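Trainee: I would like to test some labels against their cut-offs. Can we take them one by one?

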Amino acid sequence: MNREQRRAAAKQAKKDGTEEVAEKVALFGLIGDQCLVCNKPFDKANREQVMSWSVVVREKEEKVNLYCPECWNGALKMLQQAKEEILGYGEE
Ligand SMILES: [Zn+2]
C-alpha cells in the first residue's frame with residue numbers, strides 16, 4: 001500500500017463510519033422513551049438499557065417500537081404459546 005492508497009482507504013473508512021453513525025442516530029431519534037407495553041421509562045443514556053431493550057423497526061410506518069426485556073420475553077412466550085396451540089402441540 002502506498003501513501004496515496006493508505007490515505008484513500010482512511011478517507012473511505014472515515015466516510016463509512018460517519019454514514020453508519022448518521023444512520024444509527026436517525027434511527028435512534030425515532031426510538032420512544034418508554035416501553036410500548038408497560039410504559040416503563042427508557043433511558044437512552046443508560047447503556048445497560050440500550051443493550052437489553054428490544055427495538056422493532058417498522059420501516060413502512062417509519063416507527064420504532066420499543067419493548068423492555070420483561071415485556072419482550074412475555075411477548076416471545078405468548079407467541080410461542082400461540083404457535084403451539086395453532087400447531088396442536090402440547091395436546092394429547
Ligand atoms: Zn415493558
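Mentor: What follows is a set of labels, each checked against its rule; keep in mind that the model is predicted.

Trainee: Which atoms coordinate the zinc ion, and what makes them donors?

Mentor: The SG atoms of C35, C38, C68 and C71 do, at 2.2 to 2.3 Å. A donor is an N, O or S atom within 2.8 Å of the metal. The four sulfurs therefore qualify.

Trainee: Why is the site of the zinc ion called tetrahedral?

Mentor: The angles among its four donor atoms run from 103 to 114°. The rule for four donors asks that all angles lie between 85 and 135 degrees, so the label holds.

Trainee: How are the donor residues spaced in sequence?

Mentor: The pattern is C-x2-C-x29-C-x2-C.

Trainee: Is C35 buried or exposed, and how do you know?

Mentor: C35 has a relative accessible area of 0%. Buried means under 20%, so C35 is buried. C38, another donor of the zinc ion, stands at 39%. That value falls between 20% and 50%, so C38 is partly exposed.

Trainee: How many aromatic pairs are there?

Mentor: Two. One of them joins F42 and W53, with 4.9 Å centre to centre and 40° between the planes.

Trainee: What makes the pair of F42 and W53 tilted?

Mentor: The centres must lie within 6.5 Å, and 4.9 Å passes. Stacked needs planes under 30 degrees apart and edge-to-face needs over 60; 40° fits neither, so the pair is tilted.

Trainee: What does the pair of F42 and W53 tie together?

Mentor: F42 lies in the loop between helix 1 (3–30) and helix 2 (47–52), and W53 in the loop between helix 2 and strand 1 (54–58). The pair therefore ties together parts that are 11 residues apart in sequence. F42 is buried at 9%, and W53 is buried at 7%.

Trainee: Why is the pair of Y67 and W72 called tilted?

Mentor: The distance is 5.6 Å centre to centre, with 45° between the planes. Because 45° is neither under 30 nor over 60 degrees, the pair counts as tilted. Y67 is buried at 13%, whereas W72 is partly exposed at 27%.

Trainee: Where is K63, and what does K63 contact?

Mentor: K63 is in strand 2 (residues 63–67). Leaving aside neighbours within four places in sequence, K63 contacts V56, V57 and R58. Contact here means heavy atoms within 4.5 Å. At 44% relative accessibility, K63 is partly exposed. The C-alpha atoms of K63 and I31 are separated by 7.9 Å, with the two residues 32 apart along the chain.

Conventions:
Residues numbered from 1 in each chain as written. Predicted model: local features only at pLDDT ≥ 70, side-chain atom pairs only at ≥ 80, totals over all residues. Heavy atoms only, no water. Donors = N, O, S within 2.8 Å, 3.2 Å for Na, K, Ca; no water. Tetrahedral: all angles 85-135°; square planar, octahedral: opposite > 155°, others 65-115°. Buried < 20%, exposed > 50% of the residue type's maximum accessible area, 1.4 Å probe, protein only. Helix = DSSP H or I, 4+ residues; strand = E, 2+ residues; numbered from the N terminus. Phe/Tyr/Trp six-rings, centres within 6.5 Å; stacked < 30°, edge-to-face > 60°.
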